[in-house]
Amino acid sequence: MRHIISIRDLDRAGVDRLLDAAAEIEAKRYDPGLLRGRILGLLFFEPSTRTRMSFESAMARLGGVSLTMDSVEASSVAKGETLADTIRVVSGYVDAIVLRHPREGAARLASEFASVPVINAGDGAGQHPSQTLLDLYTIRKSMPIDGVRIGLLGDLRYGRTTHSLAIALSLYGAEIAAVSPKGLELPSGIIRELADRGTSVTEYSAVEDVIADLDVLYVTRIQRERFPDTASYLDVASSYRITPELVELARPEMIVLHPLPRVGEIDPRVDALPNAKYFEQAHHGVSVRMAMLGEVMT
Amino acid sequence: MRHIISIRDLDRAGVDRLLDAAAEIEAKRYDPGLLRGRILGLLFFEPSTRTRMSFESAMARLGGVSLTMDSVEASSVAKGETLADTIRVVSGYVDAIVLRHPREGAARLASEFASVPVINAGDGAGQHPSQTLLDLYTIRKSMPIDGVRIGLLGDLRYGRTTHSLAIALSLYGAEIAAVSPKGLELPSGIIRELADRGTSVTEYSAVEDVIADLDVLYVTRIQRERFPDTASYLDVASSYRITPELVELARPEMIVLHPLPRVGEIDPRVDALPNAKYFEQAHHGVSVRMAMLGEVMT
Amino acid sequence: MRHIISIRDLDRAGVDRLLDAAAEIEAKRYDPGLLRGRILGLLFFEPSTRTRMSFESAMARLGGVSLTMDSVEASSVAKGETLADTIRVVSGYVDAIVLRHPREGAARLASEFASVPVINAGDGAGQHPSQTLLDLYTIRKSMPIDGVRIGLLGDLRYGRTTHSLAIALSLYGAEIAAVSPKGLELPSGIIRELADRGTSVTEYSAVEDVIADLDVLYVTRIQRERFPDTASYLDVASSYRITPELVELARPEMIVLHPLPRVGEIDPRVDALPNAKYFEQAHHGVSVRMAMLGEVMT
């Protein structure tokens, strides 16, 4: 049985196959009855409305049905019951499981007890491979991924999304610029892992210093709770805010991505620029997740 | 692209077309696969179980699939994200959006950012056109709407439902009796708007004074929190309670409507009278919403 | 119209017909489009994730659609509205209702106001017939139900599940051993009812005293809140814990059942024994519920 737990489990051929499948789907070349009669169980032990709706939409577009356990219910299920038991029971109700869980490693554990395929939709500080795949897919829509020069911006210490993306990009010989405030730098473990995979990271503290060299600017949130007080947060947040003036400094073809939701990191005036690809990026989640469901359920 | 945001956007031909379509649907003359393969997104920023289930039922009866974001999730989504962003993202997941939101004007705003049709399912003190259409539909099942004499009863100041219905009825030359406790009268703005549309309103404080002249008695809730103390609330509530004895004073063909839920405004003994149409009214919500979904999605 | 409210409403032929239908379904001999175009309303006034997902899965496998009102929504619906009104309204949206409610008798009441079939999915201390049917079905997969010797273990005073199962087993001439801590014995009313149905109950306080004679050991939870302090709870709980060493004392064919979730009543080492049937038992919920939906909706 095939699970999709971590982007680390996929080699380049595996990633390309999923991205190719997503491209076929986006071009409407797919069987809308592919998963007719099949049932997907979405177990969300923490809320993630976008991810959930995007998987449900993907399942519906392939003719299948979704059953959802949301985080409110999960908190009552969890009351004393092990994740292993929950997974074993739900395995009898559905044909595949999409799991979102606050604890790192939960998806791997689930895959060991499930009698159906498991897709990790985010487990704590761990992995969220469908996000990474849709990030890659969005880049590939604009340019070849090979050798892409990407700037990762924001909280790179706690940001699971940027870690997974960087690991995946190492399959494509990407050049990575890491731009983060002091204290929120990319963890040394990730930098070492990237080095082992042949990818070097250059660190910056100001996006202005590197933006002219980038093909992709990947923006993420900087969370207030990482800072001792509001003043120091606002100080940092404002210097990491993407504006049309900043985008002016970039090459015209540079694209701006963001995993969303955004809360001020990107000036709404940027939305109208051709560089802004973050809404398309979110929309690609459906095609990419259709490809993933097709991969594990057929 | 067609949205349904306010009953004010519809002219009489538009309303009649939707009511005619609902009648065809109720007579089982419709294609149960009309929306096969289509996806409806229900974004409920406040709970409204009846409206939600009724739209989901309508979508299912047309062969389509519904994805729902409930108010618990919405509160986490809303955390900092603008409605505009939420709408833009969800537009990529679904083929139409039904929006319920506590803020007046939210549905209009959503329609400006959506790349799919938006149906307003209630936005604060604003509009709730599907409720108004099912009210009209229920009247039309019993009598011609033209020139109908209707009594609107209860809290007419804050009651969005009665405002929308009155506006819609002005398309049909209705005569409106407004019966409300002191302080909860129909707002003067609505009365002026109705006058501009050629409809005059007569105000009453006691339903006994007008019930013998009515074709339709439209009952709504009077909420406790509008009153300074329980005694004054109970005093008013009891004098606006519909009983079989009160219905005796009316013409035998008069029908009693209520948007539901009721909590004491209508004596359960009224349920058995032929005048009681409020449960049928609720049931008509499905046919009317099927007509609305067909209108915007095909 | 046919409702399924209590196992007491079913005679042996009725139970056998449902179990036979479930067996056909498990063998994949059923029409996956049987309920195409039909809508099931799941009204859950208290959470029960397993029961809900299992019914939704059953409905989906028969080609139908489920609409769900969860307990969070229900608490706002319930605000002042009677259950009778809720049921009358929802009857217009769906083709059958599955009701979960904290109040005993709620399902019977609902069936009196519904214009569609009602299935009781648990009402307080009352009935939960689908659980009983899947229990019976699981027994029948391993042995004839007739004359089965079953040990009911745990809190037999408050345990609705064991009461219903015992009543149902009385249709099959079962021999019942009731094993419970002091103060949590089977109520005398149930013992009398079983006697009236020709079934005698033998009571034990230690499972070791009877396990060698059993065909089925049915384990249930003992809830902490029934005990004055943690020490007395732990004392009792440990002496009702099922371990591989305990199972050694039984006949090799004895099966162990549990309605799940478990929280310590069964040592996970038991999971690997051929006697452990509790996960299969949970999975049979889908086939059994498909049979029930077929029974009431066709």
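At roughly what angle do the axes of helix H6 and helix H11 of chain B cross? I shall begin there, noting that the model before us is predicted.

Two packed helices are described by the angle between their axes and the distance between the axes. For helix H6, residues 129-142 of chain B, and helix H11, residues 278-297 of chain B, the crossing is at roughly 115 degrees, and the axes come within 8 Å. The crossing of H6(B) and H11(B) is right-handed. On the H6(B) side, the contact involves B:Ser130, B:Leu133, B:Leu134, B:Asp135, B:Tyr137 and B:Thr138. Their partners in H11(B) include B:His284, B:Val288, B:Arg289 and B:Met292. By character, the residues of this contact comprise 5 nonpolar, 5 polar and 3 charged.

I turn next to strand E8 of chain B, residues 216-219. In a regular strand the side chains alternate between the two faces of the sheet. In E8(B), B:Val216 and B:Tyr218 lie on one side, B:Leu217 and B:Val219 on the other, and all are buried, leaving both faces covered. Strand E5 of chain B, residues 149-153, runs parallel to E8(B) and is joined to it by 4 bridges; here B:Gly151 stands opposite B:Leu217. E8(B) also pairs in the parallel sense with strand E9 of chain B, residues 255-257, over 3 bridges, and B:Val216 faces B:Ile255 in that pairing.

Finally, the relation between chains. A turn of 120 degrees, with a shift of 0.0 Å along the axis, lays chain B on chain C with an RMSD of 0.0 Å. That is the relation of a three-fold axis. The copies nevertheless use different surfaces, since 6% of the contact residues of chain B recur in chain C.

Terms used: Residues numbered from 1 in each chain as written. Chains lettered and ligands numbered in written order. Predicted model: local features only at pLDDT ≥ 70, side-chain atom pairs only at ≥ 80, totals over all residues. Axes fitted to C-alpha atoms, helices over the stretch in contact; angles between N-to-C directions. Helix = DSSP H or I, 4+ residues; strand = E, 2+ residues; numbered from the N terminus. Left-handed = near helix turned anticlockwise from the far one by under 90°. Contact = placed C-beta atoms within 7 Å. Nonpolar A, V, L, I, M, F, W, Y, C, P; charged D, E, K, R; others polar. Buried ≥ 20, exposed ≤ 12 C-beta atoms within 10 Å, placed from the backbone. Pairing = 2+ DSSP bridges. Least-squares fit on C-alpha atoms with pLDDT ≥ 70 in both.
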